[in-house]
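Subject: The structure we talked about

Hi,

Here is the structure I promised to pass on to you. Have a look at it first, and then read my notes below.

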Amino acid sequence: MTTTRRTLLKTAGGAALVAAAPSILTSSLSAADNKRIAMIVKNLGNSYFDACANGAKQAADEIGGIEIIYTASAKPTAEDQIAVIDAQIAQKVDGIIVSANDADALVPVGKKAMQRGIKVMSFDSAIAPDGRIVHLSASSTPLIGAKQVQMIGKTLDYKGEVAILSAASTMTNQNAWIEAMKEEWKKPEYKDMPLVATVYGDDQDDKSYREMQGLIKSHPDLKGVISPTTIGIRSGAKAIVDGGLVGKVYITGLGLPSEMKDYVLAGACDTFAIWNPVDYGYASTYIMNDILNGAATAEGSKLSMGSKGETTVGPDGECVMGEPFVFDKSNVEEYAKIF
Amino acid sequence: MNVPVQPGQQDRYTVLDTAPRRLRDFLLSWDVILVILFVLTIVVNSLVSPYFLDVYNLADATSNFSEKAIIALGMALLILVRDIDLSVAAIVALASMGIGYAAEAGWSPTMLFAVGLGIGLLCGVFNGALVTRFRLPSIVVTIGTMSLFRGLTQVILGDQALRSYPQGFLDLGQSYFIPMTETGIPWLFIPPVPLSFLVFLVLALIFGIVLHRTAVGRQLFAIGSNPVAARFSGVPVNRLRFLLFGLSGMLSGLAGALLTARLGSMRSNIAVGWELDIVTMVILGGVSIAGGVGSILGVFLAVLVLGLVTFGMALNNIPGQVISVYIGALLIAVISIPRIFERLRAWRAGR
């Protein structure tokens with residue numbers, strides 16, 4: 001094979017290439033011993049993914065001997081992402097970490113990479129199981145549900161009426177999280193903190209805002225609201241601030257630091273959660289490093305996530321990073337700059 | 001090429017089939033500029049990246065642009081006759097969806113390709129009928145059908161993906177059609193070739209012969225230069241334009257089949273934005289948007305230049321946005337250089 005490739009240098013492009021050949025041969029010989037891990041995300045210019053890449057670089061510095069290549073296509077489409085992955089396969093990187101633009105369409109290129117000895121994993125947005133070794137989810141349904149109830153419990157000191165302001169009643173994610181919340185709610189510490197209503201703002205700002213006002217009106221003793229959607233939590237917080245109810249009603253849930261910063265500083269929201277993209281990139285890189293070092297990836301195997309602990313491989317190579325990351329007054333401004 | 005007839009070379013009763021060939025015109029011709037650009041691309045890429053000149057890598061690189069390149073051949077002829085088809089990417093999506101459903105119904109790989117070609121042809125005929133029967137400008141018609149075909153796909157599929165295809169169909173898109181073959185002599189071997197690139201090579205050859213060596217080809221140039229004069233000379237202008245739209249649709253359907261086989265899955269956003277990549281290939285290939293000028297060799301070279309520039313930059317981990325900027329700049333530069341030369345020559349002649 002090697003002979004063929006070198007020969008190609010002389011035959012394929014004619015005289016000009018012969019002149020180029022010596023430098024090609026030397027540069028391929030002088031390739032560094034560093035392990036190269038490519039992090040290929042959906043699109044560039046997205047501060048969420050930039051934060052993931054920063055986490056990956058942190059992990060690479062800690063581990064040592066790892067080079068992170070952070071790249072993406074111009075358009076967030078499967079075809080363009082495949083071209084980018086092909087270029088990484090061509091460079092014979094050691095590992096590829098992908099946030100997939102299409103779970104199924106990336107399977108063939110993932111398989112091709114693995115056939116050529118490159119380890120492939122996905123994070124954030126999964127490749128279907130055949131096209132990668134493991135997928136790291138930021139969190140799991142039970143953890144996301146439980147965390148939100150714990151947060152409002154802490155804020156209210158486990159006393160007072162609580163309602164849920166969700167997205168649409170048809171949304172799979174939100175419904176699963178609400179089920180998980182109810183599971184957590186069965187614990188004894190929540191006995192003085194009843195769930196009084198669940199309303200739906202359809203992930204529209206104006207509707208969520210009106211539903212929040214309605215909740216406050218129909219439940220005069222309402223103390224807390226959980227909103228497991230970024231749109232619901234920001235509209236609900238705005239309704240609290242606009243209604244002059246800061247200190248009387250608190251909202252929590254899943255939100256983005258950049259959108260929640262003002263409401264946290266105003267006091268409408270004590271804590272909220274979402275996964276931390278820096279940790280996400282960091283943990284993914286540690287897992288990839290483990291895989292490159294030959295760690296087992298069968299169901300039940302443990303993989304290291306550095307300072308974030310370890311994760312257990314589940315069915316279909318699914319791994320979970322941990323419970324959502326909590327934001328409050330102390331850190332929201334810092335993360336608001338990131339996402 | 002509008003080269004003035006040289007006095008003394010011929011009398012006024014002789015009209016040459018093609019302009020007389022002169023070395024200076026040849027060296028300044030678009031195709032030669034593209035050849036230089038092509039060689040430059042290869043040299044620079046192989047100097048910068050040790051991974052560029054690897055037969056397998058190059059084979060994979062071709063599979064990322066060959067489907068677009070196939071459509072570009074039809075687009076070149078359309079632009080040559082002053083038309084354009086902006087619905088090509090939407091036709092790819094519609095054809096791909098038809099293939100997806102046919103595959104779920106258990107059809108054979110051959111039939112799946114037939115479905116792709118058939119849907120493509122129907123869409124193309126629809127475009128062609130609107131343009132020629134109702135005398136609507138093709139840019140307006142195909143912007144409309146672009147939304148129509150893409151919208152149909154979105155309405156029918158929603159957020160679903162079609163992902164069950166027979167293995168024989170997937171192999172056509174995902175393995176090398178011609179495998180790497182060594183002859184025992186180190187410098188003599190057959191490189192691996194993906195089906196899509198092979199199809200492109202064969203089609204480019206056929207298109208080149210038809211356009212540059214047959215009467216139909218001359219008629220297309222005549223339409224592009226002056227449709228009214230062409231009509232008065234007995235060229236069936238509208239029939240040819242209609243056929244070109246059908247052809248463009250069929251090529252899109254074929255590309256849709258190849259792309260579906262390569263991805264092994266399709267969603268309504270498949271091939272989104274391809275129409276502009278394809279028009280870029282054709283324009284860089286030297287086909288005049290005003291019609292009447294262009295060559296298949298130029299389009300062929302432009303396809304390779306664009307494909308290898310993109311691949312080479314990706315090999316050096318240059319982000320996609322920067323590649324887009326570079327290609328935009330390259331297009332503008334390559335298009336304006338001959339104009340600048342022309343101006344310069346006119347200015348010198350006028351002095």
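Among the contacts in chain A between residues at least 6 apart in sequence, 69% join residues that are at least 24 apart. Please keep in mind as you read that this is a predicted model. Chain A has 339 residues, and buried ones make up 49% of them. Its C-alpha trace spans about 85 × 40 × 35 Å along the principal axes. If you colour chain A by secondary structure, you should find 12 helices and 14 strands.

**An open sheet in chain A**

A good place to begin is the open sheet of six strands in chain A, which follow one another in the order β2-β1-β3-β4-β5-β13 with parallel pairing. Which strands stand at the edges? They are β2 and β13 (318–320) of chain A, and each has a single partner strand, so one side of each is left without a neighbour in the sheet. From one strand to the next, the twist averages 20°.

Now zoom in on β1(A), which covers residues 35–40. Its pairing with β2(A) is parallel and runs over six bridges. Within this pair, Ala38(A) stands opposite Ile69(A) of β2(A). To get from β1(A) to β2(A), the chain passes through helix α3 (residues 47–63) of chain A, and this β-α-β crossover is right-handed. β1(A) is also joined to strand β3 (residues 95–98) of chain A, this time by four bridges, and the two run parallel. Here Met39(A) has Ile97(A) as its bridge partner in β3(A).

Does any helix catch your eye over this sheet? Helix α11 (residues 277–292) of chain A lies across β1, β2, β3, β4 (119–123), β5 (134–137) and β13 of chain A. Its direction makes an angle of about 160° with β4(A).

**Around strand β6 of chain A**

Next, please look for strand β6 (residues 161–166) of chain A. How many of its six residues are buried? Six of the six are, so the strand is largely enclosed by the rest of the structure. Both faces of β6(A) are covered. On one side you will find Glu161(A), Ala163(A) and Leu165(A), and on the other Val162(A), Ile164(A) and Ser166(A), all of them buried.

β6(A) pairs with strand β7 (residues 195–200) of chain A in the parallel sense, over five bridges. One pair to pick out is Leu165(A) with its bridge partner Val199(A) in β7(A). The route from β6(A) to β7(A) goes through helix α7 (residues 172–185) of chain A, and this β-α-β crossover is right-handed.

β6(A) is also joined to strand β8 (residues 222–227) of chain A, by four bridges, and these two run parallel. Val162(A) stands opposite Gly224(A) in β8(A), and Glu161(A) stands opposite Leu222(A). β8(A) is mostly covered, with five of its six residues buried.

From there you can step on to strand β9 (residues 250–253) of chain A, which pairs with β8(A) in the parallel sense over four bridges. In this pair, Ser227(A) has Gly253(A) as its bridge partner in β9(A). Together with helix α9 (residues 230–242) of chain A, β8(A) and β9(A) make a right-handed β-α-β unit.

**Where the two chains meet**

Finally, turn to the contact between the chains, which takes 41 residues from chain A and 39 residues from chain B. On the side of chain A that touches chain B, at least two residues each come from α1 (2–11), α2 (15–29), β2 (66–71), α4 (78–90) and α5 (107–115) of chain A. Which element gives the largest share of that side? The answer is α4(A), with nine residues. By type, the residues on this side of chain A divide into 20 nonpolar, 13 polar and eight charged.

On chain B, try helix α8 (residues 167–174), where Phe169(B), Leu172(B), Gly173(B) and Gln174(B) are buried. The buried residues of α8(B) pack against α5 of chain A, and also against α5 (88–104), α6 (109–133), α9 (195–213) and α12 (237–263) of chain B.

Enjoy exploring!

Best wishes

Conventions:
Residues numbered from 1 in each chain as written. Chains lettered and ligands numbered in written order. Predicted model: local features only at pLDDT ≥ 70, side-chain atom pairs only at ≥ 80, totals over all residues. Contact = placed C-beta atoms within 7 Å. Nonpolar A, V, L, I, M, F, W, Y, C, P; charged D, E, K, R; others polar. Buried ≥ 20, exposed ≤ 12 C-beta atoms within 10 Å, placed from the backbone. Pairing = 2+ DSSP bridges. Axes fitted to C-alpha atoms, helices over the stretch in contact; angles between N-to-C directions. Right-handed = clockwise from strand over helix to strand, strands pointing away.
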